[in-house]
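User: I should like to learn how to read the features of a model such as this one. Please take me through it step by step.

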Amino acid sequence: MLQVKPRFQSFEEYLSYDDGTDKLYELFNGELIEMPPESGINVEIATFLLIQFASLLGYQRVRGHGLELEVRGEPRNRYPDLTIIREEHIQQLAKRNTIRLSMLPPLLVIEVVSPGELQRDRDFIAKRSQYQDCGIPEYWIIDPETKTILVLQLTDKTYTEVGNFYSDDLVISPQFTQLNLKASQIFASLNQD
């Protein structure tokens, strides 16, 4: 039997869609693009940071890969590896784990770069532009290949570089100054090969 892929005219129409699975989709030009599973390395790094931030802020303010962000452009949504949400988001996300453009943006979005040039471009160029446009105050790009953490801060509606941290550098977060974390700690699991 031929299965017809749904097409969506609006983001609201997409939000009401349920295919009965736990699959994550990006909405690209009205069509669903299934998101592949994350690599083990990406999950380890994101989980390590989730634990660090949860110990500072409480577990309710830290969301893993399942949080969906509505963004402008294509695709119309993103699933960051880790997101630090605002207190008011906790209640707003109770029914659906989606931050809409009509809501205040999250405080911090973290992406762990997957292998491949296309993935690098997505995190360093496309997502950076979309997150900047959403007004997300802080964006981290964690690169397991180079073992660096690029921290960006929104200044006058444009991301500026706070620092590109590696090795035993202390990662500086403009919003979370109490975070006491070296870049090498984030990549510790990569050194166990």
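User: Which residues of α2 are buried?

Analyst: This is a predicted model, and burial is judged by relative accessible area, with under 20% counting as buried. In helix α2, the residues that meet this condition are N42, I45, A46, L49 and F53. Viewed down the axis of α2, these buried residues fall within an arc of 95°, so they line one face of the helix. I51 and S55 are exposed on the other side of α2.

User: What do the buried residues of α2 pack against?

Analyst: Packing is read from contacts, that is, heavy atoms within 4.5 Å. The partners of the buried residues of α2 are the strands β3 (62–63), β6 (82–84), β8 (108–112) and β9 (138–143), together with helix α5 (183–186).

User: How many residues does helix α2 have, and what should they span?

Analyst: The test compares an expected length with the distance between the helix ends. Helix α2 covers residues 40–57, and at 1.5 Å a residue its 18 residues should span 26 Å. Its end C-alpha atoms are 25 Å apart, which agrees. Just after α2, G58 takes a positive phi of about 95°.

User: Which residues that are not glycine have a positive phi?

Analyst: The general idea is that most residues other than glycine have a negative phi. Here K147 has a positive phi of about 55° although it is not a glycine, and K157 has one of about 70°. K147 is placed in the loop between β9 and β10 (148–155), whereas K157 is found in the loop between β10 and β11.

User: Is K157 buried or exposed?

Analyst: K157 is exposed, because its relative accessible area is 72%. K147, at 32% relative accessibility, counts as partly exposed.

User: Where does a cis peptide bond occur?

Analyst: Again there is a general expectation: most peptide bonds are trans. In this model, a cis peptide bond joins E74 and P75, with omega of about -10°. P75 is located in the loop between β4 (68–70) and β5 (77–78).

User: How many aromatic pairs does the structure hold?

Analyst: The structure holds seven aromatic pairs. One of them is formed by F8 and Y17, whose rings are edge-to-face, 5.3 Å centre to centre and with 65° between the planes. An angle over 60 degrees is what earns the term edge-to-face. F53 and F176 form another edge-to-face pair, 5.5 Å centre to centre, with 80° between the planes. Because F53 lies in helix α2 and F176 in the loop between β11 (158–166) and α5, the pair ties together parts that are 123 residues apart in sequence. Both F53 and F176 are buried.

User: Which residues do ring pairs link into a cluster?

Analyst: A cluster is read by following ring pairs from one residue to the next. Ring pairs link F8, F11, Y14 and Y17 in this way. F8 is situated in the segment before α1 (11–15). F8 counts as buried because its relative accessibility is 8%, whereas Y17, at 31%, counts as partly exposed.

User: What does F8 touch, leaving aside residues up to four places away in sequence?

Analyst: With those residues set aside, F8 touches E13, Y14, Y17, L27, G30 and L32. Between F8 and V113, by contrast, there are 29 Å from C-alpha to C-alpha, and the two are 105 residues apart in sequence.

User: What radius of gyration would a compact globule with 193 residues have?

Analyst: The chain is compared with the value for a compact globule of its length. With 193 residues, such a globule would have a radius of gyration near 16 Å, and the protein chain has 17 Å, which agrees. Along the principal axes, the C-alpha atoms fill a box of roughly 55 × 40 × 30 Å. The secondary structure comes to five helices and 11 strands. Buried residues make up 41% of the 193 residues.

User: What share of the contacts joins residues at least 24 apart?

Analyst: Taking contacts between residues at least 6 apart in sequence, 53% join residues at least 24 apart. As for the surface, the protein chain exposes about 10500 Å², of which carbon and sulfur atoms supply 51%.

Notes
Residues are numbered from 1 along each chain as its sequence is written. This is a predicted model: local features need pLDDT of at least 70, side-chain atom pairs count only at pLDDT 80 or more; totals for chains, interfaces and linings use all residues. Side-chain values use heavy atoms; hydrogens and water are left out. Helices (H or I, at least four residues) and strands (E, at least two) are DSSP runs, numbered from the N terminus. The expected span of a helix is 1.5 Å times one less than its number of residues. Buried means under 20% relative accessible area, exposed over 50%, partly exposed in between (1.4 Å probe, protein chains only). The arc is that of the directions from the helix axis to the C-beta atoms. The radius of gyration is taken over C-alpha atoms; the globule rule is 2.2 Å times the number of residues to the power 0.38. Accessible areas come from the Shrake-Rupley method with a 1.4 Å probe; for residues, only the protein chains shown count as cover. Rings of Phe, Tyr and Trp (its six-membered ring) pair if their centres lie within 6.5 Å; planes under 30 degrees apart count as stacked, over 60 as edge-to-face and the rest as tilted.
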